[in-house]
Amino acid sequence: MEFKHIPVLLNETIEGLNIKPDGIYVDGTIGGAGHSRRIIEKLSNQGMLIGIDRDVEALKAAAENLKAYNNYKLVQGNHDNIKEILESLNINKVDGILLDLGVSSYQLDERNRGFSYNGDSELDMRMDRTQNLSAIQVVNEYSEEKLADIIYKYGEERFSRSIAKNICIERQKEKITTTGRLVDIITKSKPFAKDGHPAKRTFQAIRIEVNNEIEPLYNTVLNSIKLLKEEGRLCIITFHSLEDRVVKDAYIEAQGKCTCPKDLPYCICNYKTSGKIVNKKPIEACAKELEENPRAKSAKLRIFEKGKEQE
């Protein structure tokens, strides 16, 4: 299957990065290079793009999409290890970083990846298919209590206890190995609702657990900011409230806050700041983009600009 992924909030992201022609930019979730191609088009021959992705298929697609250019490097890895990846390339600071979080359209649509609750395929959900933990292990080996906690925490699913209980009952009869059977169990574990597919929240939760998407994110955001040059920009696109909350909180910590009494004419607390939040409210897709790409519906873009290094 061809790796297709429509870049979400493309124009807003490129504008947010405030690209310098000779700069160094990192796309920590390059996918098919939809965003990266627009970044590299704005770079001179002295500029550089670093593309990172866990998915080998994504990197192959990115190389194909960027084959007309030579000022880029592709790295198989996790954006959570961005500091170590840049160190391995002898790069200390960069001018901009993009993190487009979540799962790509290709990964959702590719039958053998097991990300989608539509259709019937093997349970997998690994972004990096060389890792050991997959959705099959989570569904069949986690305790009922751990399953319920994950589904509630990462999926914000009200019926997590019922779903986990029924998963454990059914797996005793026969190992759960397909998305179709898991969807059937989930559907029978909760009342009918009109707020989307009944398995959506549970599949999201299992995918997050398999790929460890939330736990390292807070530090990843803070580490990315530290890697920016002065006036460098970090753009992060999230697709659900858990991610967005973590990014928002990390930005607030990085920006810092004056604790002086409001009646003082100037600041005396000397609070530390790493820069400023560019947009207090997240940027969302316009009506035209939503019409062309419904998957942009939940996308939120938050931008942070690095300030002057403090002693």
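L264 is partly exposed, because its relative accessibility is 33%. This value comes from a predicted model. L264 sits in the loop between α12 (241-255) and β6 (275-277). There, L264 joins Y266 and I268 in a nonpolar surface patch of about 320 Å².

**A positive patch**

The surface also carries a patch of positive charge. Which residues form the positive surface patch? They are R158, K200, R201 and K297. One of them, R201, belongs to helix α10, which covers residues 200-211. R201 has 36% relative accessibility, so R201 counts as partly exposed. Patch members must have over 30% relative accessible area and no salt bridge.

**Salt bridges**

Opposite charges meet as well. Side chains of opposite charge can pair when their charged atoms come close. How many salt bridges does the count come to? The count is 20. Three of these pairs are set out below.

| Salt bridge | Closest N and O atoms |
|---|---|
| D149 and R161 | 2.8 Å |
| E215 and K153 | 2.9 Å |
| K288 and E292 | 2.7 Å |

Take D149 and R161, which form a salt bridge with closest N and O atoms 2.8 Å apart. D149 lies in helix α7 (residues 144-155) and R161 in helix α8 (residues 160-173), so their pairing ties together parts that are 12 residues apart in sequence. D149 is partly exposed, because its relative accessible area is 35%. R161 has 49% relative accessibility, so R161 is partly exposed too. Partly exposed ends at 50%, which means that R161 stays below the exposed class.

Next come E215 and K153, a salt bridge with 2.9 Å between the closest N and O atoms. This pair links distant parts of the chain, 62 residues apart. E215 is in the loop between α10 and α11 (217-226), while K153 is in helix α7. E215 counts as partly exposed because its relative accessibility is 46%. K153 is partly exposed as well, because its relative accessible area is 45%.

The salt bridge of K288 with E292 has its closest N and O atoms 2.7 Å apart. Where do K288 and E292 lie? Both are in helix α13 (residues 287-292). They are 4 residues apart in that helix, so about one helical turn separates them. Both K288 and E292 are exposed.

Salt bridges can also join into a network. D124, R126 and R129 are linked in this way.

**Cysteines**

How many disulfides does the structure hold? The number is 0. C258 is in no disulfide, and its nearest cysteine sulfur, that of C260, is 3.7 Å away. A disulfide needs two cysteine sulfur atoms within 2.5 Å, so the 3.7 Å from C258 to C260 does not qualify.

Is C168 buried or exposed? C168 is buried, because its relative accessibility is 11%. Buried means under 20% relative accessible area. C258, in contrast, is partly exposed, because its relative accessible area is 32%.

**E57 and R38**

E57 is part of helix α3, which runs over residues 56-65. With 34% relative accessibility, E57 counts as partly exposed. How far apart in space are E57 and R38, C-alpha to C-alpha? The distance is 20 Å. In sequence, E57 and R38 are 19 residues apart.

Key: Residues numbered from 1 in each chain as written. Predicted model: local features only at pLDDT ≥ 70, side-chain atom pairs only at ≥ 80, totals over all residues. Heavy atoms only, no water. Patch = residues over 30% accessible without salt bridge, like charges linked within 9 Å, V, L, I, M, F, W, Y side chains within 5 Å. Areas by Shrake-Rupley, 256 points an atom, 1.4 Å probe, with all protein chains shown as cover. Salt bridge = Lys/Arg side-chain N within 4 Å of Asp/Glu carboxyl O. Lys, Arg positive; Asp, Glu negative; His and termini not counted. Charge placed at Lys NZ, Arg CZ, Asp CG, Glu CD. Helix = DSSP H or I, 4+ residues; strand = E, 2+ residues; numbered from the N terminus. Buried < 20%, exposed > 50% of the residue type's maximum accessible area, 1.4 Å probe, protein only.
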